[in-house]
Amino acid sequence: MMNSTSIKPLRRSGTSIVAMKRLNNTSSFPLAQAPLSAVSAHSSAAKTKGGNQPSPTPNYIEFPTSPQPPEDHTGYHANHNGTIVHHTHSKHPLAEITLSELFTCSGCKEFGTGRRYACQDCDFQLHHFCALSPPSLKVHPFHGQHQLVFHAKPKQVKAGIAWPRCDVCCKSTKGFTFRCRVNSCNFQMHPCCAMLSTEIKFPNHPHLLKVLPPGNTLPGGAGGGNDQPGMVCSECKKKRSSGRVYSCTVCDYHLHALCAKSMINGLQEYGIKPPEKPNMLGTAARLASQVVIEFIGGLIEGFGEGVGEVLVQNIGRGRRSTNRRRIA
């Protein structure tokens with residue numbers, strides 16, 4: 001049993017060591033109340049910002065889907081001291097904490113900050129919605145025709161080159177995902193995307209936002225009927241060729257589903273922007289060009305000046321022969 005005076009430091013993946021916040025007169029890490037919907041996730045996290053609020057046991061999370069009883073949430077086991085044992089990390093218990101530093105979720109491999117379930121003995125950390133994800137989602141608004149099943153491991157990489165992509169944000173799925181249970185259907189999404197719904201209230205905008213059908217055009221009025229891929233997101237000020245888009249029901253405001261995730265994973269609340277990952281194709285092209293240049297340079301250096309002189313002499317002989325033919 002841990003006590004409040006002998007807490008080990010918590011190590012965060014990809015960042016420096018951060019000391020875990022000490023808790024007053026507690027023998028374990030108390031847990032904050034879990035959100036009841038995607039909209040309430042932001043407000044619930046705001047209550048715990050900068051510290052942990054005591055709660056006897058972790059509540060299961062209600063994703064925007066048909067109601068599911070608590071006994072259906074079998075991905076974790078709640079201990080009597082408020083910690084949980086997740087089936088993907090059964091060797092150590094996980095405790096819910098709130099820290100403002102950026103971290104990479106060990107489950108879905110995406111960024112997050114604020115509330116998380118963390119292991120005190122190693123670097124394993126999960127978003128709270130990843131840790132408390134149910135084994136399945138029934139009638140989710142983004143894919144109501146089929147049931148979605150939780151998978152701890154991603155699909156196999158396509159042709160050994162590209163990771164499969166989320167059908168909501170269109171980012172790579174490298175870890176936890178909800179995937180359609182129908183073999184002929186390839187729909188999948190991150191747990192964070194599953195916390196979104198077809199209608200959301202984004203904190204930076206006063207009006208209700210509704211998701212647009214994939215690939216459709218905007219109705220007459222807002223947006224002028226432009227195609228979704230050509231719309232500029234009002235948050236990131238960029239265009240995206242893929243991924244779902246939200247549109248305001250009142251004004252000309254558009255929001256990528258990718259940008260909407262910031263209100264779920266804590267980044268918006270703490271004012272953190274995730275670091276941009278380098279373009280892998282561009283990096284590969286630059287490396288290939290450098291290798292070719294160095295290879296040619298090595299050949300020239302290996303041949304030496306003698307080869308260069310022979311090439312110059314041959315070129316000179318060719319020119320003299322051409323001149324003699326013209327004179328003749």
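1. Let me start with H89, in what is a predicted model throughout. Leaving aside residues up to four places away in sequence, H89 touches L94, C119, C122 and F124. You'll find H89 in the loop between β4 (84–86) and β5 (94–104). Despite that loop position, H89 counts as buried because its relative accessibility is 6%. So have a look at the two cysteines and the phenylalanine on that contact list when you have the side chain on screen.

2. While we're on cysteines: how many disulfides does a search of the whole structure find? Zero. C233 is a case to look at, since the nearest cysteine sulfur, that of C259, sits 3.8 Å away and C233 is in no disulfide. C233 counts as buried, because its relative accessibility is just 1%.

3. C248 tells a similar story. Why is there no bond between C248 and C251? The sulfur of C251 is the closest cysteine sulfur to that of C248, but the 3.5 Å between them is too far for a bond, given that a disulfide needs the two sulfur atoms within 2.5 Å. C248 is buried too, with a relative accessible area of 6%.

4. On to the backbone. Most residues other than glycine have a negative phi. Two residues here are worth checking against that. V139 is not a glycine, yet has a positive phi of about 55 degrees. V139 lies in the loop between β8 (136–137) and β9 (148–151), and with 51% relative accessibility it counts as exposed, the cut-off for that being over 50%.

5. The other one is C170, again not a glycine, with a positive phi near 65 degrees. C170 also belongs to a loop, the one between β9 and β10 (177–180). Is C170 buried or exposed? Buried, because its relative accessible area is 16% and the limit is under 20%. So the two positive-phi residues part ways here: V139 is exposed, whereas C170 is buried.

6. Now the aromatics. The count comes to three aromatic pairs. One of them joins F63 and F178, edge-to-face, at 5.6 Å centre to centre and 70 degrees between the planes. F63 is in the loop between α1 (38–47) and β3 (76–78), while F178 is in strand β10, so this pair ties together parts that are 115 residues apart in sequence. Both F63 and F178 are buried.

7. F178 has another ring partner in F150. The ring centres of F150 and F178 are 5.6 Å apart with the planes at 65 degrees, which makes this pair edge-to-face. Here the link runs between strands, F150 in β9 and F178 in β10, so parts 28 residues apart in sequence are tied together. F150 is buried, as is F178. Put F176 into the picture and you have the cluster: ring pairs link F63, F150, F176 and F178.

8. β9 and β10 also turn up in an open sheet of four strands, ordered β8-β9-β10-β11 with antiparallel pairing. The edges are β8 and β11 (188–189), each of which pairs on one side only. β8 and β9 run antiparallel and are joined by two bridges. For a register check, S136 has V149 of β9 as its bridge partner. V139, from point 4, is in the loop between these two strands.

9. There is a further open sheet of four strands, in the order β12-β13-β14-β15, and its pairing is antiparallel. Which strands stand at the edges? β12 (199–200) and β15 (254–256); each has a single partner strand, so one side of each is left without a neighbour in the sheet. Antiparallel pairing of β12 with β13 (residues 209–211) runs over two bridges. One to check is E199, whose bridge partner in β13 is K210.

10. Finally, the overall numbers. The protein has five helices and 15 strands. Of its 328 residues, 42% count as buried. Among contacts with a separation of 6 or more, 58% come from residues 24 or more positions apart. The protein exposes about 17,700 Å², and carbon and sulfur atoms supply 55% of that area.

Conventions:
Residues numbered from 1 in each chain as written. Predicted model: local features only at pLDDT ≥ 70, side-chain atom pairs only at ≥ 80, totals over all residues. Heavy atoms only, no water. Buried < 20%, exposed > 50% of the residue type's maximum accessible area, 1.4 Å probe, protein only. Contact = heavy atoms within 4.5 Å. Phe/Tyr/Trp six-rings, centres within 6.5 Å; stacked < 30°, edge-to-face > 60°. Areas by Shrake-Rupley, 256 points an atom, 1.4 Å probe, with all protein chains shown as cover. Pairing = 2+ DSSP bridges.
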